[in-house]
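These are my notebook entries on one molecular structure. I set down what I looked up, topic by topic.

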Amino acid sequence: MADTAHAQVDEHHYTATGIDHRKLAIWTFIASECMFFASLIGTYLVYKGRDVSGPRPHTEWLLNGRMQEQILEIPLVTFGTSLLLFSSFFVVLALSGAQRGNRKALIGWLCATIFCGIFFVGMQVFEFTHFYHRGMGYTTNLFASTFYTLTGFHGTHVTLGLIWLTTVLVVALRGKLPPEKSLNLEIAALYWHFVDVVWIVIFPVVYLIR
Amino acid sequence: MATTALEHAPPDTHAATGLWSWITTVDHKRIGILYGASAFLFFLLGGIEALVIRWQLMAPNQTIVGPETYNQLFTMHGTTMIFLGVMPLSAMFFNFMIPLQLGARDVAFPRLNAFSYWVFLAGGLLLNVSWLFRAAPDGGWFGYANLTTRQFSPGMNIDFWTVGLQILGIASLAAALNFFVTVINLRAPGMKMMHLPMFVWMSFITQILLLLAFPIITVALVLLMIDRTFGTHFFVPSGGGDPVLWQHLFWFFGHPEVYILILPAFGIVSEILPVFSRKPLFGYAAMVFSGAFIAFVGFGVWAHHMFATGMGPFADAFFSLATMIIAIPTGVKIFNWIGTVWGGRVEYKTPMLFALGFIAMFIMGGLSGVMHSSPPADLQQTDTYFIVAHFHYVLFGGSIFGITGGAYYWWPKMFGKLLDEGLGKLHFWLMLIGFNLTFFPMHIVGLNGMPRRVYTYSAESNFELLNRLETWGSLLLGLAFVVFLWNIIRTTRSSQAPAPADPWNGATLEWSIPSPPQEFNFPKVPQVHGRDALWEMKRERGGSLPEPQRVDGRGIHLPNPSFRPFIAATGVLITLGGFIGGSHLWVHLAGLAVLLYGIFSWAFEPTG
């Protein structure tokens, strides 16, 4: 058995395609997540404009006899969207730093990514609070329920991504992310890109298309 | 985020016995046995529920159970058989057989595999704990809104259902991810995709369906749960919501689910038929592509479950035609199975009998299925016993016959002893006769107008004779499984000589290693050059291979056992369990804490 025992070390990393298991798994997971968000977006679109009362996303609506402005704050969310898009760029730079063994670039760009993500979630918290004070609770009407559910699930995904990236950052700060382990960042980054791409669909569907 | 530390644990750290060794196991074979044992118990429970239903329907105007209990019985019977019976019984074979047929030492993510099992068990137990509260789910396995909204189902019954199914969905998704990656990445060197054993192919397609269909029911269940818990109006018409959206989301999942239930059985009989006909599978490529085509079109037929909602002529025509088209690849499969047996040297061993029974019963179920793909016919048949007859012919006559055949076929590989042939044949004939006595008359009472899901019927309806026949048939079916249990117990206790590695002259790699396999499966990873790898090896050698010896596996790298998947699964159960009877914030938070601890300690645990 001595000679076979020797061969086992390489088999530990053997894959039939040459692609790491975890990388294949995260792509597969993303495919599954697409169906999850497709169902939520579908529900939003089916119910669009079918509310029995206000608030309305893009038009004026009546509350206690007074006309109210449209509820969505497009400039604020556009700014948040752009930060989320930048964060996707930053995480690529961080990955490139990790692969080249450039610790400074890795940590710097990873911090920038996380900062943008935190700002996006903060913007969403502000937006939700603001809507609540304008009279839009979770159960107020169909728009409120579908909006909060769709964007809330996306926000939860962003938050989970932030926890994941922060974990990778802590590992990197402790010097345990050498280039040969950069895949640990790459799979987190793939998830992060996915969360961004979903927002690129949600943003026009909810905020831009009337 | 798994670490890739290369620490070679000496093999004696892998405790071989005791409860702890089962809780911490990451061995795909042990997890397979766990799946099989739990699923078989749930299956028997679902069977007992069915027998109570049959007892109640034996004569008109009976009140053995009242309408409330009857609703719980048929809901739990359906939910149990689908999610806790057929799916995990298939998962038993995915776990035990996919790595062996691929020539691999384990699945791609052994700890995720353990996690899937524990989450599945948690979901199954949670669903059934509802009986203790006298609040078993009672809205049907399809849970149509707005029957299931808080207004019409104020109790905890539906909470158990929404939460239980979400937990089971997490288990299915984690397992599907794992097996998808395993099939692509852990094929033995030289095994191309078009060399895969047909069971692996059909299982692979099943994983794709699981990955794409389960997120949809997750969303539907989440929306229903939010409606019930927080008072939103997703499915409540008074707030603008549309109950028909529930049906669309549910059946968009529900129809692929049908193929999730049957494709593994297609795979199993495609393994059994060639081995007992001494011929390679007829039309291998056609089998693969027809399976893939069934799965693909299976996503475009969901609304044939909804003809009665009145979708209009265009939608009716589309879904009707799409449904009829599925009959074509299914027909291709049936002709290929017949072509496999045709001209072969057929050995009528028990697994073969079940495989042949599968073909016959599945054809009947398929034919009645084509009948209600036509909307005018369906409008007559929907919600009658005709439908009940149809789906039992495909799910019992199909899936269960296939899975039972697989159990007889692979039993010696899993447990090292051959099940008794005489008792096996008795089991088969009792099951075949009992099955047809139970379900064939349902076609007739259904067409005569007997509605489903109603707890009794009147004496004037003339349904009594056939219903009595069905009940006697169901007792025979129950008896068949008593014989099976007896066979299992007798075989396990017997002192018969251990089964040889290859009792059936098998074609695939699982038969090249001792029965039961050693922990590392293959002392040396096999090289594969084509289909039916083991037959090929035998042909090259010009006869049977020498009996493989058990070897000392020292130095073979295996993953360490871990209790973290169990902890993480507990976290999932507590977090979602907090939604039973309203939302309990502290339960959610406690569950999340356990889940986070489980995941983080898992991520930073040395994999060994």
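The entries below deal with domains, the nonpolar core, a helix pair and the contact between chains.

**Entry 1: the model and its domains**

I noted at the outset that this is a predicted model. I then looked up the domain assignment of chain B, which gives domain 1 (1-25 + 559-608) and domain 2 (27-545). For the separation of domain 1 and domain 2 of chain B, I found that their C-alpha centres lie 28 Å apart. Their contact involves 20 residues of domain 1 of chain B and 23 residues of domain 2 of chain B. I also asked which helix gives the most to the side of domain 1 of chain B that touches domain 2 of chain B. It is helix α16 (residues 564-577) of chain B, with nine residues.

**Entry 2: the nonpolar core**

I turned next to the largest nonpolar core and recorded 226 residues in it. Val119(B), Ile167(B), Ala220(B) and Val572(B) are the residues with the most contacts inside this core. The element that gives the most to the core is helix α6 (residues 198-230) of chain B, which supplies 23 residues. Where does this core lie with respect to domain 1 and domain 2 of chain B? Both domains give residues to the core, so it lies between them.

I followed Val119(B) further and left out residues up to four places away in sequence. Val119(B) then touches Ile167(B), Ile170(B), Ala171(B) and Ala174(B), as well as Ala569(B) and Val572(B).

**Entry 3: a helix pair**

I examined how helix α7 (residues 243-277) and helix α10 (residues 350-371) of chain B pack. Their axes are 9 Å apart, and the angle is about 125°. Angles of 65 to 115 degrees count as roughly perpendicular and those over 145 as roughly antiparallel; α7(B) and α10(B) are therefore oblique to each other. I recorded the crossing of α7(B) past α10(B) as left-handed. On the side of α7(B), the contact is made by Ala265(B), Val269(B), Ile272(B), Leu273(B) and Phe276(B). On the side of α10(B), the residues are Pro351(B), Met352(B), Ala355(B) and Phe358(B).

**Entry 4: the contact between chains**

Lastly I looked up how many residues each chain gives to the contact between chain B and chain A. Chain B gives 40 residues and chain A gives 35 residues. On the side of chain B that touches chain A, the elements giving two or more residues are α5 (157-185), α6 and α7 of chain B. The largest share of that side, nine residues, comes from α6(B). I noted that α6(B) also gives the most to the largest nonpolar core.

Key. Residues numbered from 1 in each chain as written. Chains lettered and ligands numbered in written order. Predicted model: local features only at pLDDT ≥ 70, side-chain atom pairs only at ≥ 80, totals over all residues. Core = buried A, V, L, I, M, F, W, Y, C linked by C-beta atoms within 7 Å. Buried ≥ 20, exposed ≤ 12 C-beta atoms within 10 Å, placed from the backbone. Helix = DSSP H or I, 4+ residues; strand = E, 2+ residues; numbered from the N terminus. Domains from an automatic or database assignment. Contact = placed C-beta atoms within 7 Å. Axes fitted to C-alpha atoms, helices over the stretch in contact; angles between N-to-C directions. Parallel < 35°, antiparallel > 145°, perpendicular 65-115°, else oblique. Left-handed = near helix turned anticlockwise from the far one by under 90°.
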